[in-house]
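Here is a short tour for the bench, with the sequence and model shown just below. Take a moment to look around before reading on.

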Amino acid sequence: MSTTTSPSAISGSNNVPDPNSKSAAKKEAKRLEKEAKLAAKAVKNPTAVATGGVKKAKVEKEKKEEESPFVNTTPKGKKKDLSQPMANSYNPIAVESAWYDWWNAQGFFSPRFTTEGNVRPEGLFVIPAPPPNVTGSLHIGHALTTAIQDGLVRWNRMLGKTTLFVPGFDHAGISTQSVVEKRLFKSSGKTRHDLGREKFLETVMDWKNEYQTRITDQLTRLGGSYDWDRVAFTMNPSLSKAVIENFCRLHEDGILYRANRLVNWCVRLNTTLSNLEVDQKQLSGRTLLNVPGYDAKEKFEFGVITSFAYPIEGSDEMLIVATTRPETMLGDTAIAVHPDDMRYKSLHGKFAVHPFVDRRIPIIADSMVDMEFGTGAVKITPAHDPNDYEVGQRHQLQFINILNDDGTFNSNAGESFKGMKRFHARVAIVKALQEKGLYIEAKDNPMQIPVCSKSGDIIEPILKPQWWVNCKPLAEEAIKRTKAGELEINPKQSENEWYRWLEGIQDWCVSRQLWWGHRCPAYFVDIEGREQNRSDGDYWVVGRDLEQATERAVALAGGAKFTLHQDEDVLDTWFSSGLWPFSILGWPDNTPDFKTFYPTSLLETGWDILFFWVARMVMLGIKLTGQMPFKEVYCHAMIRDAHGRKMSKSLGNVIDPIDVIQGLPLEALHEKLHEGNLDEKEIAKAKAGQKKDFPKGIPQCGTDALRFALCAYSGGGRDINLEILRVEGYRKFCNKVFNATKFAMLKLEDSFVPVPQPKPTGNESLVEQWILHKLDIASTEVNAQLAERNFMSATNVVYNFWLYELCDVYIEAMKPMTDEYASATTRHSAQQTLYTCLDHGLRLLHPFMPYVTEELWQRLPRRPNDTTPSIMVSSYPVHDPDFVFKDADKRFDLVFTVLRTGRSLAASYSLQGNIQFFIHAKSEEEATLLESQVPTIVTLTKGCTSAKVVRDAESIPAGCGSALVTSTIVVHTLVRGNVDLDVEIAKCEKKLAIAQMSLQKITKLESQSDYAATVPENVRTANDEKRRTLEAEISTLESSKAMFADLK
């Protein structure tokens, strides 16, 4: 290449200094002086100059041409063309493209049977994938679920089993309706009532279709090998049929009933909630809180206990009571005192007068009252408090509901408070009590308040006629069968909670006042001319269809005219998802899938929904099918952010797995916040959180790195503090596997053909036997850890094999065995061993990293007669006795110990080149072994030019640093001219003092008279070896000290 220089570049540019200036002249003089000194130095020591005395001229690096973004050109469902050479570097987006569609098109996700159509003899493995809610996109917790479940499915598939991994989606009644209502109001200012039930349900279905598509894309990007031909949705016709059957059968068996009981009422969502959907917010004392549905500037007082007085009828006496909810006094129908409390004996059977409504309030005696708490007198509001409800039933009190469904007070609260919102009424009540002189005081009161987990609203206990499931007999059977060994729960800590929760189970309210969901298949029989109560179940019938309901209504009406009215309520989401393991297989029909795949093998989920979901599946599964729905439950950890905080949209730390897979700049992360229902204040807070946690955005990591990281985090704990940098670290591991395979394949040559069977030939070198032994250990251990569901250990085993044994040792050690000087037999054996390690190593890794392993495995040549089309249907490596080389493992470990000691010795002297080892071996057997491995030692030590095994100390040249390997092996390296002799002598003296002190302790111990009689043989043997090692170390240090002294 030629260059031209314009005249202006020499003299006319303002950017070039004038060569005639004083400063330029000084610089030139300094340059000439420096060159003269270097020239003089070169005469004295030409080697020093040649090796580094003169700075190398800076070579301007050519800028790498930026690679254009990858574009997938493989037609959907077709196999990727790998005829072109491998890319220069690992690109996860390119590597992961096209494979999923090809796997699906080839039917690899479908169960494989014998030629007779039966389950394969290796066994059956079925996972009903927990259905994600169609409320929105998946988050990183779903990625953990997919990584673990698909890892197990792929592993079992490769073990030869018939596998089925069923995908699906949950309609998530409350959550989905809530999010759609928010979006509707935010976009149009309309409510569901403005649209009407039918139109609103169409809107929700549109949302469901949009997010089901989005979630499907996320699941496929995560590599889940789901059987998409069996995809399910909880409101599909077949699953809806199962829900109706469940409701009718439970009602027919007397397990499901209708009753007017206290429920958890969410004013904001206008529906009932189960206890499991209510969070308990802990308050330490007086706290001002915002409440949904009120002005954002309004705050209401919680965490205080308010005392006030009730006037006693016909006297001047007052009875003081206390409450944390003053507004509920409008529904009081009694005051309770303990029967043994002498202070109130005279008031038993008398009445107090309500100050705001025309109501006499009886004073009753009940042993549930704590005489020591407060005044010992308790106001009773049976229709708005769970404890008071029980008291009300015992004493047959009035149950007066004062609350409308929208959170306003009804006419039972009196004219002064009718129509007032509940927390406005709280303030007004206290003020009214003060005006009447009945207010006593308010004190701080540490307490819990019930909060809706969906809306954040304060829950109100109110009376509602609802459908309930009597869970007690179902729970008893679940406990009995679990203890009988029909169900295994892991980790074991979850099993203890399982029993505790089932033993204390309460009846389950399954009615929900929503529009989105399965409408109750229950009908009120409105009989003409007859007074009826809708609250109880006397005039209700259930039916699998209108025809059956009508038949039952006819029988109930006894010939009278009637009208059927279907219940407007829908069923709790868990009532349908509790049927998931068998409804997805066709139940209540006895379908081929149900007969083949039920009960399922494993239910994997988060421990936080063990009771929400898993317990209900078990109870309903046993009741409806007579069997446990699965044999094992595995509870994974909860993913938190790097700071240990719970994932929350308002904190900005919720992570979309796709963003980790393909990377996302910070600005794009900010933009995604506007897609949800956060207000501007919450968006600003979330942006600040994102900027702190991801200042440069989220780096591109790829699916394989994400899956591997999530499995590597899963070691049985309850929480995972996820750091994206760790995920990025596993991308580098993918890169290592990619590049190592690319390099190794160069060693195989184009003409290489693997032998038909991966069996040793007898020509293997020591390092080959060692790596095959390590491969067998890894195969055995990974299978064992996966069987134990210890994903952290399983990933660690395969990671260590690839990185520290295959890449760092064997691939490096085999270089001289495949160079031009190696014999054909040596080269062929090394290549066959390399191929076996690559083939087995990729298969070991596949359940965790499906994409990169398929990409690389497809580039490997196949063994003769091997027609396996994909790594995902290849055989998983298991223990192979032919790969066991215990003696070789022991001998090479000694070689490697010598090697590591030599590396450390060279590093301690900062040697980077021309490293020369002298290995003194006192045992002839060890010397012969080490001599045979000199090429390996040299190859695996960066900068090493030679290694010589000597049998006597006199053969070691003067000027060596030394390090003890064992009592019979010492490594020396030439350091003469590179060290300060006085410093080295001082080091030897310091090490000598420590070694001599340790030797004295061992010698003193061994010299005790009762040593042989009291110390176990294995301890004596270890002490003997330790003493001999210390003696050898002292001898080596003394020799080194003397040698350095002689050099002075």
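What follows covers the cysteines, the internal cavities and one threonine of this predicted model.

**Cysteines**

How many disulfides does a search of the whole structure find? The search of the whole structure gives zero. A disulfide needs two cysteine sulfur atoms within 2.5 Å, and the two cysteines in the table do not meet that mark because the closest cysteine sulfur is too far for a bond in each case.

| Cysteine | Closest cysteine sulfur | Sulfur distance | Relative accessibility |
|---|---|---|---|
| Cys509 | Cys520 | 9.4 Å | 5% |
| Cys734 | Cys701 | 9.5 Å | 0% |

Cys509 counts as buried, and Cys734 is buried too.

**Cavities**

Three cavities of 30 Å³ or more are present in the structure. The largest cavity has a volume of about 90 Å³. Its lining is made of 13 residues, and Lys759, Pro760, Glu764, Gln832 and Thr836 lie nearest the centre. Helix α27 (residues 824–845) supplies the largest share of that lining, with three residues. By class, the lining of the largest cavity has five nonpolar, five polar and three charged residues.

The second largest cavity holds about 60 Å³ of space. Among the residues lining the second largest cavity are Glu327, His384, Phe409 and Arg422. This lining divides into three nonpolar, two polar and three charged residues.

**A threonine in a helix**

Is Thr145 buried or exposed? Thr145 is buried, at a relative accessible area of 14%. Thr145 sits in helix α6 (residues 140–158). Leaving aside residues up to four places away in sequence, Thr145 touches Pro130, Glu604 and His636.

Key
Residues are numbered from 1 along each chain as its sequence is written. This is a predicted model: local features need pLDDT of at least 70, side-chain atom pairs count only at pLDDT 80 or more; totals for chains, interfaces and linings use all residues. Side-chain values use heavy atoms; hydrogens and water are left out. Helices (H or I, at least four residues) and strands (E, at least two) are DSSP runs, numbered from the N terminus. Buried means under 20% relative accessible area, exposed over 50%, partly exposed in between (1.4 Å probe, protein chains only). Contact means heavy atoms within 4.5 Å. On a 1 Å grid over the protein atoms alone, a cavity is a set of points where a 1.4 Å probe fits but cannot get out, and a pocket is an open set with protein on both sides within 12 Å along at least five of seven lines; lining residues have an atom within 4 Å of a point. Grid points are joined across faces, edges and corners, and a volume is the space filled by probe spheres set on the points. Ala, Val, Leu, Ile, Met, Phe, Trp, Tyr, Cys and Pro count as nonpolar, Asp, Glu, Lys and Arg as charged, and the others, Gly among them, as polar.
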